[in-house]
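Here are some notes to read alongside the model. Please keep the structure open while you go through them, and look up each residue as it is named.

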Amino acid sequence: MPIDLYYTPVSPPCRSIVMAASALGVELNLKYLDLYKGEHQTPEFLKLTPQKCLPTMVDNGFVLCESRAIICYLADQYGKDDSLYPKDPKKRAIVNHRLYFEATCLYQRFLDYYVPILYRGSEGEPAQCKRFEDAFVMLDKYLEGQTWAAGDHITIADFPLIATVSSAEIFEFDITRYPNVSRWLANAKKSIPKYEELNHAGCLEIRKVMDAKMILPF
C-alpha cells in the first residue's frame with residue numbers, strides 16, 4: 001500500500017523525502033496541499049499534525065511529521081539493506097550528525113535568510129546572509145576528501161542537504177565559492193535517478209514564488 005505524504009514541492013524538506021523514498025524503493029502517494037489556500041490549516045489536516053507541518057506522512061495509520069524523522073523511519077522500516085542508513089553505531093552517528101547539521105544549522109539559516117524575502121516581501125538581511133555563508137563553509141569542510149556527506153557512498157544524510165543547497169543555488173547563491181559543495185552537488189545531479197523530476201522541478205517552483213513575490217497569507 002502506498003504511503004501518503006502531504007507535501008508541497010516548493011519545500012526542500014518535502015523534496016528530500018521524495019528523493020529518499022525513491023532511493024529506498026518506497027512508493028509514495030503524494031497529496032499536494034496549497035499553502036496559499038490554507039489547506040494545511042484545515043481541521044482534517046490538523047488532526048494529523050497540530051504543527052500544521054509539511055511534510056506529514058501517514059503509513060497505514062502511523063502518522064509522522066518532520067522530514068528527517070520521516071526519512072529515518074522509511075530507511076529503518078523499508079530499507080533493503082543498511083547502505084543508506086548504516087546500522088554500525090559510528091557510521092550511523094556520522095549520518096545522524098549530518099542530518100542534524102542540516103536541520104539545525106544549514107536549513108535553519110536558509111530559512112532565516114530567505115523566508116523574509118520569499119514570504120514577507122522583505123529584503124534579505126546581510127547578517128543572516130553571512131550566517132548562511134558560514135554554514136556553507138562548515139559543509140564544505142565536512143565534504144573535504146569524501147564523495148558524499150557521510151563518506152564514500154550516498155546515505156539518507158545527503159538528501160536533505162541536496163534539497164537545501166540546490167534551493168539556494170536556484171536563488172543564485174554562489175555555491176562555486178565552496179569547491180567541495182559544488183563538486184558534491186554536481187555529482188548528486190548526475191548520480192541520483194530522476195533528479196530533475198524529484199528535486200529540480202521543485203526548485204524551479206520555489207524560484208517562481210520568489211520572482212512573483214507571492215506573499216503567504218499568514
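Which residue in S3 is the bridge partner of Tyr6? The points below begin with that question and then move outward from the sheet.

1. The partner of Tyr6 is Thr56, which belongs to S3. Please bear in mind that what you are looking at is a predicted model. The pairing of these two residues is part of a wider one, since strand S1, made of residues 3-7, and S3 run antiparallel to each other and are joined over 3 bridges.

2. On its pairing with S2, S1 follows the parallel sense, and here there are 5 bridges; as an example to find on the screen, Tyr7 stands opposite Tyr32 of S2. Four strands together make up an open sheet whose order is S2-S1-S3-S4, and its pairing is mixed. At the edges are S2 (28-32) and S4, each of which pairs on one side only, and from one strand to the next the twist averages 20 degrees.

3. Is S1 enclosed by the rest of the structure or open to its surroundings? Of its 5 residues, 4 are buried, and S1 is therefore largely enclosed by the rest of the structure. In this count a residue is buried when its relative accessible area is under 20%.

4. The other pairing of S3 is with S4: residues 56-59 and residues 62-65 run antiparallel and are joined by 4 bridges. Within this pair, Met57 has Leu64 of S4 as its bridge partner. The two strands form a hairpin with 2 residues between them, and in that hairpin Asn60 takes a positive phi near 50 degrees.

5. Two helices may be described together with the sheet. Helix H1 packs on the sheet, where it touches S1 and S2, and its direction makes about 165 degrees with that of S2. Helix H3, for its part, lies across S1, S3 and S4, and it runs at about 135 degrees to S4.

6. Ahead of S3, in the loop that connects helix H2 (43-48) to that strand, you will find Pro55. The peptide bond that joins Leu54 and Pro55 is cis, with omega at about 5 degrees. Leu54 appears again in the next point.

7. Which residues are closest to the centre of the largest pocket? This pocket has a volume of about 820 Å³, and of the 29 residues lining it, Ser11, Leu54, Tyr107, Leu111 and Tyr119 are the closest to its centre. Helices H1 (12-24), H3 (67-78) and H4 (89-119) each supply at least two residues of the lining, and H4 gives the largest share, with 9 residues. Sorted by class, the lining consists of 18 nonpolar, 7 polar and 4 charged residues.

8. Further along the chain, Val165 lies in helix H6, which covers residues 158-170. Val165 counts as buried because its relative accessibility is 0%, and that cut-off is again under 20%. Leaving out residues up to four places away in sequence, Val165 touches Leu106, Phe136, Leu139, Ile175, Val181, Trp184 and Leu185. One of these, Ile175, is 10 residues from Val165 in sequence, and the two C-alpha atoms are 8.1 Å apart in space.

9. Is Asp140 buried or exposed? Asp140, found in helix H5 (residues 126-142), has a relative accessibility of 12% and so counts as buried. When neighbours within four places in sequence are set aside, its contacts are Tyr178, Pro179, Asn180 and Val181. Pro160 is 20 residues from Asp140 in sequence, and the distance between them, C-alpha to C-alpha, is 15 Å.

10. Two loop residues deserve a careful look at their backbone. Glu172, in the loop between H6 and helix H7 (179-191), has a positive phi of about 70 degrees although it is not a glycine. With a relative accessible area of 64%, Glu172 is exposed, a label that applies over 50%. Lys194, in the loop between H7 and helix H8 (195-212), likewise is a residue other than glycine with a positive phi, near 60 degrees.

Conventions. Residues are numbered from 1 along each chain as its sequence is written. This is a predicted model: local features need pLDDT of at least 70, side-chain atom pairs count only at pLDDT 80 or more; totals for chains, interfaces and linings use all residues. Side-chain values use heavy atoms; hydrogens and water are left out. Two strands pair if DSSP finds at least two bridges between them. On a 1 Å grid over the protein atoms alone, a cavity is a set of points where a 1.4 Å probe fits but cannot get out, and a pocket is an open set with protein on both sides within 12 Å along at least five of seven lines; lining residues have an atom within 4 Å of a point. Grid points are joined across faces, edges and corners, and a volume is the space filled by probe spheres set on the points. Ala, Val, Leu, Ile, Met, Phe, Trp, Tyr, Cys and Pro count as nonpolar, Asp, Glu, Lys and Arg as charged, and the others, Gly among them, as polar. Axes are lines fitted to C-alpha atoms, for helices over the stretch in contact, and angles run from 0 to 180 degrees between N-to-C directions. Contact means heavy atoms within 4.5 Å. Buried means under 20% relative accessible area, exposed over 50%, partly exposed in between (1.4 Å probe, protein chains only).
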